[in-house]
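Biologist: I am new to this structure and would like to learn how to read its features one at a time. Could you show me the general idea each time, and then the case at hand?

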There are 2 protein chains.
Amino acid sequence: MMDKRKQKKLEAAGWKVGNAEDFLELTQVESDYISLKIALSRHLKTRRQSLRLTQKDFAGMIHSSQSRVAKMEAGDPGVTLDLLVKSLLTLKTPIEDIEKMLP
Amino acid sequence: MMDKRKQKKLEAAGWKVGNAEDFLELTQVESDYISLKIALSRHLKTRRQSLRLTQKDFAGMIHSSQSRVAKMEAGDPGVTLDLLVKSLLTLKTPIEDIEKMLP
DNA sequence: GTTGAACATGTCAAATTTGATATAAATTGA
DNA sequence: TCAATTTATATCAAATTTGACATGTTCAAC
């Protein structure tokens, strides 16, 4: 997105292209956070499928809705880690497995 | 997730809520979830302290407030895993990089 | 014991997330 | 093919979480 060429161009034009550390660090955190969520999403989907549960059935188990389960598994940005983790715990995912993925 | 909405509906309709299986199962999930949050809270506090950061300084790094950091470290129920995880990820940054960010 | 810095606790409007609902798209099995 | 089941996507009011702030408590240095 922000490649070196573009950055040089902007700097040449007199723009300050952000404090590099801030930029990189926040991006890294966001990136790691998203990766974590995607990993949990995949685990969830795999686990649900291996238990032959439909999204609807599983939604019932966690007192939620099919559409929310679909969003969880799609890695939708508007789904919290809390919901993903509680879902995995409901499917009896060993807590150690979850911890291994967390920072 | 855990039932408040449905529970209110049922109670309003005159039901005593608490199917034993549901209760036990959800409690186990809740229990594991809380344990996980407490573990992360402790981890966060330890890591922050080992970096000699005050709560206020760290709050600045994650664009939050001292009081919220205190709540995170106290394992406050009203703090999400998302916030805890992002905080821990922020502290994963090499110490030298963090020092550069301080006043 | 006074002072000041660090931390804890309570409150709140604003922002985000939630389950529910509707409906479209995809998959499955005859 | 085609109907039934399953999954994806969009929307929304209600619930929860957020950072900010105010204020109280703890603790160390003097």
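Modeller: Let us begin with residue classes: Ala, Val, Leu, Ile, Met, Phe, Trp, Tyr, Cys and Pro count as nonpolar, Asp, Glu, Lys and Arg as charged, and the others, Gly among them, as polar. A residue is near a strand if one of its heavy atoms lies within 4 Å of it. With these classes, the residues of the surface near DNA strand C divide into four nonpolar, ten polar and six charged. This is a predicted model, in which local features need pLDDT of at least 70 and side-chain atom pairs count only at pLDDT 80 or more, while totals for chains, interfaces and linings use all residues. Residues are numbered from 1 along each chain as its sequence is written, chains are lettered from A and ligands numbered from 1 in the order in which they are written, and side-chain values use heavy atoms, with hydrogens and water left out.

Biologist: Which of the 20 residues around DNA strand C come nearest?

Modeller: Those that come nearest are S67(A), R68(A), T80(A), Q55(B) and S67(B). On the DNA side, 53% of the atoms of strand C within 4 Å of the protein belong to sugar or phosphate, and the rest belong to bases.

Biologist: How should I read a polar contact with DNA strand C, and which part of the strand does the side chain of S64(A) meet?

Modeller: A polar contact is a pair of N or O atoms within 3.5 Å; within protein, one must be able to donate a hydrogen and the other to accept it, and residues adjacent in sequence count only if both atoms are side-chain atoms. Here an N or O atom in the side chain of S64(A) is 3.0 Å from a phosphate oxygen of DNA strand C. The side chain of S65(A) instead has an N or O atom 3.3 Å from a base nitrogen of that strand, and R68(A) places a polar side-chain atom 2.9 Å from a base nitrogen. The elements that give two or more residues to this surface are α4 (66-73) of chain A, together with α2 (20-50) and α4 (66-73) of chain B. Helices (H or I, at least four residues) and strands (E, at least two) are DSSP runs, numbered from the N terminus. The element that gives the most is α4(B), with four residues.

Biologist: What is the secondary structure of chain A, and is α5(A) largely enclosed or open?

Modeller: Chain A has six helices and zero strands. For burial, buried means under 20% relative accessible area, exposed over 50%, and partly exposed in between, with a 1.4 Å probe and protein chains only. Of the 103 residues of chain A, 32% count as buried. In α5(A), ten of the ten residues are buried, so this helix is largely enclosed by the rest of the structure; among them are L81(A), D82(A) and K86(A). Helix α5 (residues 81-91) of chain B is also largely enclosed, because nine of its eleven residues are buried.

Biologist: What follows just after α5(A)?

Modeller: Just after that helix, K92(A) takes a positive phi of about 65 degrees, and at 56% relative accessibility K92(A) counts as exposed. H63(A) has a positive phi near 55 degrees and is partly exposed, with a relative accessible area of 21%.

Biologist: Where does the charged end of K86(B) sit?

Modeller: A charge sits over a ring if NZ of Lys or CZ of Arg is within 6 Å of the ring centre and within 35 degrees of the ring normal. The charged end of K86(B) sits over the ring of Y33(A), 4.4 Å from its centre, and K86(A) lies over the face of Y33(B), at 4.4 Å from the ring centre.
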